Protein chains: 2
Amino acid sequence: MTNKETTSPLRHAQGANMEQQILQCAEELFLEKGFSLVSTTDIAKKAGCNQALVHYYFRTKENLFQQIFQAKFTKFLYIFTTFDDSDEPFTTRLRKKMEAHFDLLIENRQIPFMIINELILNEKRRNNLVKNIYNNNLDIYRNFDRELQEEIKKGNIRPISTLDLLINIVSMNIIIFILLPVLESQFNFDNEEITELLRLRKHEAVETIMCSLRPEKK
Amino acid sequence: MTNKETTSPLRHAQGANMEQQILQCAEELFLEKGFSLVSTTDIAKKAGCNQALVHYYFRTKENLFQQIFQAKFTKFLYIFTTFDDSDEPFTTRLRKKMEAHFDLLIENRQIPFMIINELILNEKRRNNLVKNIYNNNLDIYRNFDRELQEEIKKGNIRPISTLDLLINIVSMNIIIFILLPVLESQFNFDNEEITELLRLRKHEAVETIMCSLRPEKK
DNA sequence: AATTTATTTAATAGACTTATTAAATAGGGT
DNA sequence: ACCCTATTTAATAAGTCTATTAAATAAATT
């Protein structure tokens, strides 16, 4: 913790804005390169302050990263809870969830890489997050599980385990954001082209999942 | 290049084995942690030699990494060329390709992470590899494209772009290897359980793709 | 105006990095 | 016995990194 809580308005010229400035710049850099390839010097340079100030506000680089990572990860999962109060059919709601999840990724394109990177490389963060998911999303998972398996019993959906389906969905939604740097390298897309590419890919990802869930023909 | 080509048998106690030893240890470490989190000191320690020796044989850390990465990446793509001489139906061959690809990943579980990591973080390597893919796999791609679009015309397969299908396949095949560390954190699997998990997941990945390709019911 | 408190900086400790150097070592060929 | 050449090491240059320190600065409070 910084000693920021007891602080009121700005003191210095830039004042307490600098803390936010550092946080923001750190976020951009961490999203782009991951924890270990960003130095506190990089962050300070981008934020326009002395390197020691980064440590003054956040004490350690790890601290700073945790805050950012935790927030992004929570956002990444939160989306799955949406549309549950609607009375539309299960598959319609599932489609909407997927689309909302994809749209969130469009706004935060580097999240998948950041999460993959840190989940694989850092055991401590991995364990923390697994605990976090387990504690905060168990109910959501159970509801989803119940609904899905009911639909399968009714014959509306091909038999599939709940975990497999969730993995499939995440997989189909994140892959394009992993491949985006490669495609950009190859084809020199401009912004409009990328937007269009993502629009098409979103459609394809959703379609693939929905098609894969169709029950067998008799 | 090292000055190794003109060398004949072993001179020293361990002799020329040490070059292989270094390469092997570097491979394991790079696969586990990626380029930037492994130091030449780490490699030397693991290989049981002086740190300078790593540079003696491979001059730079970049050199050493390139060799390993290139080999892994080639292997990762090569699998897609298999079964093309068989006269089985397209979908059967496609299924076999996917299974072979998944089996390769089972034997090299860290490849997906390594590739993702370096493709996103290192623009130079990304560009090299894109060129590499483009030059060496264009014919394979065109063949696959032609066959797929023919099958779609015949109504045997739901309409889908070739690139989308390839992305779907890679996506479904690699995701479990990305998530494996997370699942291991959560459930403390032993080796047998992981083998079983991968067997099930392989089936599900293939099934999802094949189901997603079924044409619409009339 | 003087004091307190918060913000910011320069300087630096201490540990790590890659890569290069020159020197040591050990076998093969003559 | 000697030299040659490949292998291996110790030492080190030059740079990075995180984190801490004490000092400087500026605003708020008295």
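The paragraphs below go through a predicted model, from the overall fold of chain A to one bent helix, the pairing of the chains and the aromatic side chains.

Chain A contains nine helices and zero strands, and its pattern along the sequence is α-α-α-α-α-α-α-α-α. Taken along the principal axes, the box filled by its C-alpha atoms is roughly 70 × 45 × 30 Å. Of the 218 residues in chain A, 47% are buried. Where contacts in chain A join residues at least 6 apart in sequence, 66% of them are between residues at least 24 apart.

Helix H7 of chain A, residues 123–153, is not straight. A straight helix of 31 residues would span 45 Å at 1.5 Å a residue, whereas the end C-alpha atoms of H7(A) are only 39 Å apart. The helix has a bend of about 65 degrees at A:Asn137. A:Asn137 is also one of the buried residues of H7(A), a list that includes A:Arg125, A:Arg126 and A:Glu151 as well as A:Leu129, A:Val130, A:Phe144, A:Leu148 and A:Ile152. Within chain A, the buried residues of the helix pack against H4 (61–78), H5 (90–107), H6 (111–121) and H8 (162–187). They also pack against helix H8 (162–187) of chain B, and H7(A) therefore has packing partners in both chains.

The two ends of H7(A) can be described briefly. At its start, a side-chain oxygen of A:Asn122 lies within 3.0 Å of the backbone nitrogen of A:Lys124. After the helix comes A:Gly155, with a positive phi near 85 degrees.

The next topic is how the two chains are related. A turn of 180 degrees, with a shift of 0.0 Å along the axis, lays chain B on chain A with an RMSD of 0.1 Å. The two copies are thus related as by a two-fold rotation axis. Within chain B, the residue that comes closest to this axis is B:Ser212, whose C-alpha is at 2.0 Å. The copies meet through the same surface, because 100% of the interface residues of chain B are also interface residues in chain A.

A:Arg201 gives a view of both chains from a single residue. It is located in helix H9 of chain A, residues 191–213. With a relative accessibility of 2%, A:Arg201 counts as buried, since the cut-off is under 20%. Apart from neighbours within four places in sequence, A:Arg201 is in contact with A:Phe102, A:Met172, A:Ile175 and A:Ile176 in its own chain. Across in chain B, its contacts are B:Asp164, B:Ile167 and B:Asn168.

One of these contacts, A:Phe102, leads to the aromatic side chains. Over all chains the structure holds 20 aromatic pairs. In one of them, the ring centres of A:Phe102 and A:Phe177 are 5.2 Å apart and the planes are at 50 degrees, so the pair is tilted. This pair links distant parts of the chain, as A:Phe102 is in helix H5 and A:Phe177 in helix H8 of chain A, 75 residues apart. A:Phe102 is buried at a relative accessible area of 0%, and A:Phe177 counts as buried at 5%.

In chain B, B:Phe65 and B:Phe69 form a stacked pair, with 5.5 Å from centre to centre and 15 degrees between the planes. These two residues are four apart in helix H4 (residues 61–78) of chain B, and so are separated by about one helical turn. Both are buried. In chain A, ring pairs join A:Phe30, A:Phe35, A:Phe65, A:Phe69, A:Phe73 and A:Phe76 into a cluster.

Notes. Residues numbered from 1 in each chain as written. Chains lettered and ligands numbered in written order. Predicted model: local features only at pLDDT ≥ 70, side-chain atom pairs only at ≥ 80, totals over all residues. Heavy atoms only, no water. Expected span 1.5 Å × (residues − 1). Bend = angle between axes of the 7 residues up to and from the residue. Buried < 20%, exposed > 50% of the residue type's maximum accessible area, 1.4 Å probe, protein only. Contact = heavy atoms within 4.5 Å. Polar contact = N/O pair within 3.5 Å; in protein donor to acceptor, adjacent residues only side chain to side chain. Least-squares fit on C-alpha atoms with pLDDT ≥ 70 in both. Phe/Tyr/Trp six-rings, centres within 6.5 Å; stacked < 30°, edge-to-face > 60°.
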